[in-house]
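Here is a short briefing to read alongside the model. Please keep the viewer open as you go through the points.

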Amino acid sequence: MRPVKFSDSDIVELSSIIEGKDHVDVEPHRELSGIWLRSPDTWTELRLLILADVQVTVSRVCFTHQRSGCMTAVFKWLKEFCHKQGIHRIVVQSVQTEEMANWCIKNGFQANESTFVRKESVVGGDYFFRNALRARDLTF
């Protein structure tokens, strides 16, 4: 395992994606193992954690303007980042809404059988994007 961190330019790119798609300003906050991008009112947030060169975890995601393509644009960026860094897995952690579960499924994520919870029509829990193991699956 080798350490991986988000660079200043990575943070600028992600901030630009969110600001452009969600129409809010975001403030980046570096953390020991990742970043947390939040709007001043904290209604919009994206928290990404890196576990060495093993995985990127989306631990918090909330956008003010849903269905604007913001998460899809972030995911596209994450796939490129993971490919460049040799990271093999993207995890959306603790999915709790039907909208996010549907987004995960639509984009090739699978519910982790050891963490999922059924709540009405939602299969919640962690969703893994494992196709990142094959470089050809990272193309757009």
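**Unusual backbone angles**

Arginine 67 is exposed, because its relative accessible area is 84%, and its place is in the loop between S4 and H2. Please bear in mind that this is a predicted model. The points below start with the backbone, then move to helix H2, the core, the strands and the salt bridges.

- Arginine 67 is not a glycine, yet its phi is positive, near 65 degrees.
- Most residues other than glycine have a negative phi.
- Histidine 23 also has a positive phi without being a glycine, at about 60 degrees.
- You will find histidine 23 in the loop between H1 and S1, and with a relative accessible area of 58% it counts as exposed, since exposed means over 50%.
- A glycine with positive phi turns up as well: glycine 86 follows H2, and its phi is near 75 degrees.

**Helix H2**

- Helix H2 covers residues 70–85, which is 16 residues.
- At 1.5 Å a residue, H2 should span 22 Å, and its end C-alpha atoms are 22 Å apart, so the expected and modelled spans agree.
- Which residues of H2 are buried? They are Cys70, Met71, Val74, Phe75, Trp77, Leu78, Lys79, Phe81 and Cys82.
- The cover over these buried residues includes two helices, H1 (8–22) and H3 (98–106).
- Strands S3 (45–51), S4 (55–62), S5 (89–95) and S8 (122–129) are also among the elements that cover them.

**The nonpolar core**

- The largest nonpolar core has 37 residues, and Leu48, Phe81 and Phe109 are the ones with the most contacts inside it.
- At least two residues of this core come from each of H1, strand S2 (34–38), S3, S4, H2, S5, H3 and S8.
- Which element gives the most to this core? H2 does, with 8 residues.
- Phenylalanine 81, one of the buried residues of H2, touches Val4, Lys5, Phe6, Asp10, Ile50, Val56 and Ile87, leaving aside residues up to four places away in sequence.
- As background, nonpolar side chains tend to be buried together in soluble globular proteins.

**Strand pairing**

- S4 and S5 run parallel and are joined by 4 bridges.
- Within that pair, glutamine 55 stands opposite arginine 89 in S5.
- Between these two strands the chain passes through H2, and the resulting β-α-β crossover is right-handed.
- S5 also pairs with S8, here in the antiparallel sense and over 4 bridges.
- In this pairing valine 91 stands opposite phenylalanine 128 in S8.

**Salt bridges**

- How many salt bridges are there? The count comes to 4, and three of them are described here, beginning with arginine 2 and aspartate 53, whose side chains meet at 3.9 Å, N to O.
- That pair links distant parts of the chain, with arginine 2 in the segment before H1 and aspartate 53 in the loop between S3 and S4, 51 residues apart.
- Is arginine 2 buried, partly exposed or exposed? Arginine 2 counts as partly exposed because its relative accessibility is 36%.
- Aspartate 53 has 17% relative accessibility and therefore counts as buried, the limit being under 20%.
- Arginine 30 forms a salt bridge with aspartate 8, and their closest N and O atoms are 2.6 Å apart.
- This pair also links distant parts of the chain: arginine 30 is in strand S1 (residues 27–31) and aspartate 8 in helix H1, 22 residues apart.
- Arginine 30 counts as partly exposed, at 46% relative accessibility, whereas aspartate 8 counts as exposed, at 55%.
- Glutamate 31 and arginine 47 meet through their side chains in a salt bridge of 2.8 Å, N to O.
- Because glutamate 31 lies in strand S1 and arginine 47 in strand S3, the pair ties together parts that are 16 residues apart in sequence.
- Glutamate 31 is partly exposed, with a relative accessible area of 25%, and arginine 47 also counts as partly exposed, at 22%.

Methods: Residues numbered from 1 in each chain as written. Predicted model: local features only at pLDDT ≥ 70, side-chain atom pairs only at ≥ 80, totals over all residues. Heavy atoms only, no water. Expected span 1.5 Å × (residues − 1). Buried < 20%, exposed > 50% of the residue type's maximum accessible area, 1.4 Å probe, protein only. Contact = heavy atoms within 4.5 Å. Pairing = 2+ DSSP bridges. Right-handed = clockwise from strand over helix to strand, strands pointing away. Core = buried A, V, L, I, M, F, W, Y, C linked by side-chain atoms within 4.5 Å.
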